Amino acid sequence: MILMILTTQCLTNVIKKRPTNSHKGTFGRVLLIGGSLQYGGAILLATKAAVRAGAGLVTCATDLINRTALNTTLPEAMFINYLDFSALKQQLSQADVVVIGPGLGLSAEAFNIFKITCQQINSQATLVIDGSALTFVAQAPSCLQTCATQKIILTPHLKEWERITNLSLNQQSIINNQKAQQKLSATVVLKGATTTIYYLDGHTATINIGGPYMATGGTGDTLTGIIAAFLAQFKEPNPKEVLAAAVFLHSYIPQQLSQHNYVVLPSEISNHLPNIMQKFSS
Ligand SMILES: NC(=O)C1=CN([C@@H]2O[C@H](COP(=O)(O)OP(=O)(O)OC[C@H]3O[C@@H](n4cnc5c(N)ncnc54)[C@H](O)[C@@H]3O)[C@@H](O)[C@H]2O)[C@@H](O)CC1
Ligand SMILES: Nc1ncnc2c1ncn2[C@@H]1O[C@H](COP(=O)(O)OP(=O)(O)O)[C@@H](O)[C@H]1O
Ligand SMILES: [Mg+2]
């Protein structure tokens with residue numbers, strides 16, 4: 001097993017100056033699915049992060065109740081009603097990266113949306129599974145095996161990982177986590193005070209930045225948007241490094257801001273994305 005500790009070098013490796021001749025289509029299509037009546041904020045935060053991290057075209061599939069909030073706070077993003085299955089299927093056929101789960105909730109309707117997403121996503125797309133959708137993975141692991149794409153990234157916090165693997169928090173050693181991750185045949189970003197990425201090839205990458213100033217609801221939702229935007233727009237040097245850069249940046253920004261802020265809110269992380277990305281672009 002190769003264990004890598006990430007540094008700012010991973011940002012300069014991935015974040016490249018934009019070609020003059022580029023357009024929104026150059027930087028990828030991201031579809032984010034989630035946000036029930038109760039948890040609209042989660043999908044708005046994820047969508048904001050995807051837009052501000054540079055995805056070219058961003059669509060938010062959510063409850064109709066969230067449309068006005070989305071259009072008001074983030075007019076760059078497009079809206080579809082996640083219960084309009086024909087629109088959802090069409091978006092799933094076009095997206096480069098799909099995020100499912102932030103604020104999706106655990107209703108029967110939500111489970112149906114999760115199953116449709118796994119079945120209808122195009123085979124070239126990456127599927128990022130977070131939040132409530134991780135509970136569906138725990139309840140119905142076969143959805144992963146039969147998923148239309150093999151490019152699957154799970155982003156659990158330690159309790160969500162426990163739900164999926166039955167590993168209690170004190171059983172979650174690197175070796176045990178890796179065994180469980182390999183069985184799932186998915187990349188896993190295991191989030192906590194330390195975050196470690198478990199890749200399909202058996203390698204791992206750890207970040208030792210970030211801190212308790214990130215412990216506000218919505219910080220993980222923001223991570224999914226950054227991951228999606230990075231995978232949609234950056235093709236070099238490879239998806240492993242692109243994912244690592246997204247995870248690193250998500251903690252690097254609050255670490256910088258924590259010098260003058262007791263807490264760093266998820267929306268503030270997103271506010272600073274374009275500025276910090278510019279600093280590291282080469
Ligand atoms: N503004 C919003 O609408 C928000 C909605 N959210 C959504 O709410 C739904 C439920 O997610 P939750 O994560 O709250 O619920 P879960 O039931 O999955 O987990 C919550 C529990 O896990 C614990 N936990 C988390 N990280 C831990 C760690 N590193 N070590 C030990 N314990 C840890 C928490 O303290 C909490 O008790 C998801 O769909 C999520 O996306 C949350 O993201 C919060 C913000
Ligand atoms: N004490 C901490 N030190 C470092 N990172 C933290 C700490 N607390 C939370 N985080 C980070 O914040 C994010 C929380 O994700 P998650 O629990 O899914 O939040 P939510 O679902 O509310 O958006 C993760 O990226 C985690 O690593
Ligand atoms: Mg979460």
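In helix 4, the residues Phe85, Leu88, Lys89 and Leu92 meet Ile116, Thr117 and Gln120 of helix 5. By class, this contact of helix 4 with helix 5 holds four nonpolar, two polar and one charged residues. The model is predicted. Helix 4 spans residues 85–94, and helix 5 spans residues 108–120. Their axes lie 9 Å apart. The two helices pack at an angle of about 35 degrees. The crossing of helix 4 past helix 5 is right-handed.

The strands come next. An open sheet is built from 10 strands, with mixed pairing. The strand order is 1-10-9-8-7-6-5-2-3-4. Strand 1 (3–5) and strand 4 (78–81) stand at the edges. Each has a single partner strand, so one side of each is left without a neighbour in the sheet. From one strand to the next, the twist averages 20 degrees. Strands of a sheet pair through backbone hydrogen bonds, and the pairing is either parallel or antiparallel. Strand 3 (residues 57–62) and strand 4 run parallel. Four bridges join strand 3 to strand 4. Cysteine 60 has its bridge partner in strand 4, namely phenylalanine 79.

A helix also lies on strands. Helix 9 (residues 174–184) lies across strand 8 (187–190), strand 9 (195–198) and strand 10 (204–207). Relative to strand 9, helix 9 runs at about 40 degrees.

Two ligands were examined in turn. Around ligand 1 there are 18 residues. Gly41, Ala42, Gly131, Lys159 and Gly217 come nearest to ligand 1. Helix 2 (40–52), helix 8 (158–165) and helix 10 (219–233) are the elements that give two or more residues to this shell. Helix 8 gives the most to the shell around ligand 1, with three residues. By class, the shell around ligand 1 divides into five nonpolar, 10 polar and three charged residues.

Ligand 2 has 17 residues around it. Those that come nearest are His157, Lys191, Gly210, Thr219 and Gly220. Here helix 10 gives the most to the shell, with four residues. The shell around ligand 2 has five nonpolar, 10 polar and two charged residues. Helix 10 thus appears in both accounts: it gives two or more residues to the shell around ligand 1, and it gives four to the shell around ligand 2.

Methods. Residues numbered from 1 in each chain as written. Chains lettered and ligands numbered in written order. Predicted model: local features only at pLDDT ≥ 70, side-chain atom pairs only at ≥ 80, totals over all residues. Near = placed C-beta within 6 Å. Nonpolar A, V, L, I, M, F, W, Y, C, P; charged D, E, K, R; others polar. Pairing = 2+ DSSP bridges. Axes fitted to C-alpha atoms, helices over the stretch in contact; angles between N-to-C directions. Contact = placed C-beta atoms within 7 Å. Left-handed = near helix turned anticlockwise from the far one by under 90°.
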